[in-house]
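Dear colleague,

I am handing over the structure we spoke about, with the sequence alongside it. Please open it first and keep it beside you while you read the notes underneath.

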Amino acid sequence: MSIFSWLRRHIHNTDASSRTEFKHQPQHPLVSTTDLLDQSIRLDDRISWFQKQLAGDSDVVIQNFTSPSGTCCALLFIKGMVDQETLQKEVLQAALAIESLDAADFCKQIFEDRRLPVTGMQLATTLSQGLLSLLEGHALLLIEGDHRILDLPVTNYPKRAINEAPNESVIRGPREAFIESLQVNTTLIRRRLKTPDLKLEYMKLGRRTHTDIAIGYIQGICKPELVEEVKRRISQIDVDGIMGSSYIEEFIEDSPYSPFPQMQYTERPDVVCASLLEGRIVIIVDGTPIVLLAPVTMFMLMQSAEDYYQRFISSTWIRWIRFAFIFISLLLPSTYIAVTTVHPEIIPKRLLVTITSSREVVPFPALIEAFMMELAFEALREAAIRIPKSIGQAVSIIGALIIGTAAVQAGIVSAAMVIIVALTGIASFIIPHYDLGLAFRLLRFPIMILAGMFGLIGIACGLILIYLHLLSLRSFGTPYLTPLTPFSFSDWKDTFVRVPWWLMKRRPSLPSNGTQRQPKNTRGWDHKEEDED
């Protein structure tokens, strides 16, 4: 037994020492260097450090060369992430063409005189900074006898071409959409907003991804406290990776457990610029074409880019249709369940006979019948999204026709229920913002349960609960039901109606500071308008 005790004690001590040793190991590869190595002027030591950090990466290139003065140099870059033609002509050939007396003079011309014709090059004072720049697609120039590192931004990522927005198409508006490049996206915004008041502040998020993000706003229009609040929330994010704007949205939204979206997203530069002119903030994330807008209200999510490119009469009519179909999407199945199950006396006799005859062979109550059809419709909708686009539309349409017809002929569901579910599905597609439509699709099911249990009273209770929840929601301090609650009649010009542009003389009071957008007499050429004023 003494031998086993000794082995047990020995193994325990070994595990404890290994745990203690692991505890003191660096948690991140970028912080494993020392101050002594950062100040080293030996080229081989620094190259060895980079090779150790990037061990196993076969796409890292270390190009050694010697200057005319006999100084040893090394050029580090990652294949596929840099423009090798620029690197060859503007860096390597330019460095070899520099005439210098000795190594000190060569370093002075490189680091201080900036003799290399590369725009935006900087000095990296530590190896960690150099490694991060290398992983971002920059090239590094190291010189024997000098501890400094020249950071050369010669990045050349593969980029997608600027195409039409696939999810926010318009008839008369511009066709440009954001892509996955942060630099290209900010350029699309600056091309439209040619004002020095447009501010773009850059940050990095993610301990391992080091994702670049940009926070944009117009100084003088956007409230300073809103800018500070957005930056405060984003600065609190501490995660290993940010792969898209949806990551940031979940971290900084006010009520994460609410089904309603509290930030708007878009892939259209014109929508972003219009939001900036209203005093809102945009968050642009490198690697995704989706840009976040904050704050947001429910009525903003009901607006489409097409509203501002069509005539105001047509846009107002389309908005009324959207609001009507929101209620259809949310309440049509519940109303059918409540009326046929709990309140059949309110149905006209002829219609009641028709509904009753169609439900004679159906073995399920209306609630179960509606649940089955709604779940089947949701499955078809998701299947159309996941399968290849070339067959997605055909499969969804054919699947809906076959399943609906077969279910009615088999007596599983009634024809009236198929019509109800089809109208509900069409109504949900009319909502411009996908996440808002998804919230109403989710809330449809608990309201159906309330309708099956309590009838119209259950529907009324469900609507009251939803309304109370919407009243409690905030988006960066802005009430979610603005301008309905709190009431602001001046902001109704772009809520339930869309008045002509020449009547939108002031910006919305929330979230902007309500400053003047245009002179009072924009249509000064029209003497009739002048007389009416």
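The notes below go through a sheet, a hairpin, a pair of helices and a pocket. Please keep in mind that this is a predicted model.

The sheet

Five strands form an open sheet in the order S6-S7-S9-S10-S8, and their pairing is antiparallel. Its edges are strand S6 (198-205) and strand S8 (264-266), each of which pairs on one side only, and the twist from one strand to the next averages 25°. At the S8 edge, three bridges join S8 to strand S10 (residues 291-294), the two running antiparallel; as a point to find on screen, Gln 264 has Leu 293 in S10 as its bridge partner. Two helices pack on this sheet: helix H7 (residues 182-192) touches S6, strand S7 (211-218) and strand S9 (281-285), and its direction makes about 165° with that of S6, while helix H9 (residues 245-252) touches S6, S7, S9 and S10, with a direction at about 135° to that of S9.

The hairpin

Strand S1 (residues 60-66) pairs with strand S2 (residues 72-78) over seven bridges in the antiparallel sense, and Asn 64 has Ala 74 in S2 as its bridge partner. Five residues lie between the strands of this hairpin, in which Gly 70 takes a positive phi near 90°.

The helix pair

Helix H17 (residues 434-454) packs against helix H18 (residues 456-472) at an angle of about 145°, the axes being 6 Å apart, and their crossing is right-handed. From H17, Leu 443, Ile 447, Leu 450, Ala 451 and Phe 454 meet a set of H18 residues that includes Leu 456, Ile 459, Gly 462 and Ile 466. Sorted by class, the contact of H17 with H18 holds nine nonpolar and two polar residues, and no charged ones.

The pocket

The second largest pocket has a volume of about 1,200 Å³. It is lined by 37 residues, of which Glu 136, Tyr 157, Lys 204, Asp 212 and Asp 286 are the closest to its centre. Helix H6 (127-135), H7, S6 and S7 are the elements that each give two or more residues to this lining, so in viewing it you will meet again H7, which packs on the sheet, and S6, an edge strand of that sheet. By class, the lining of this pocket has 16 nonpolar, twelve polar and nine charged residues.

With best wishes

Technical notes
Residues numbered from 1 in each chain as written. Predicted model: local features only at pLDDT ≥ 70, side-chain atom pairs only at ≥ 80, totals over all residues. Heavy atoms only, no water. Pairing = 2+ DSSP bridges. Helix = DSSP H or I, 4+ residues; strand = E, 2+ residues; numbered from the N terminus. Axes fitted to C-alpha atoms, helices over the stretch in contact; angles between N-to-C directions. Contact = heavy atoms within 4.5 Å. Left-handed = near helix turned anticlockwise from the far one by under 90°. Nonpolar A, V, L, I, M, F, W, Y, C, P; charged D, E, K, R; others polar. 1 Å grid on protein atoms, 1.4 Å probe; cavity = no way out; pocket = protein on both sides within 12 Å on 5 of 7 lines; lining within 4 Å. Points joined across faces, edges and corners; volume = space filled by probe spheres on them.
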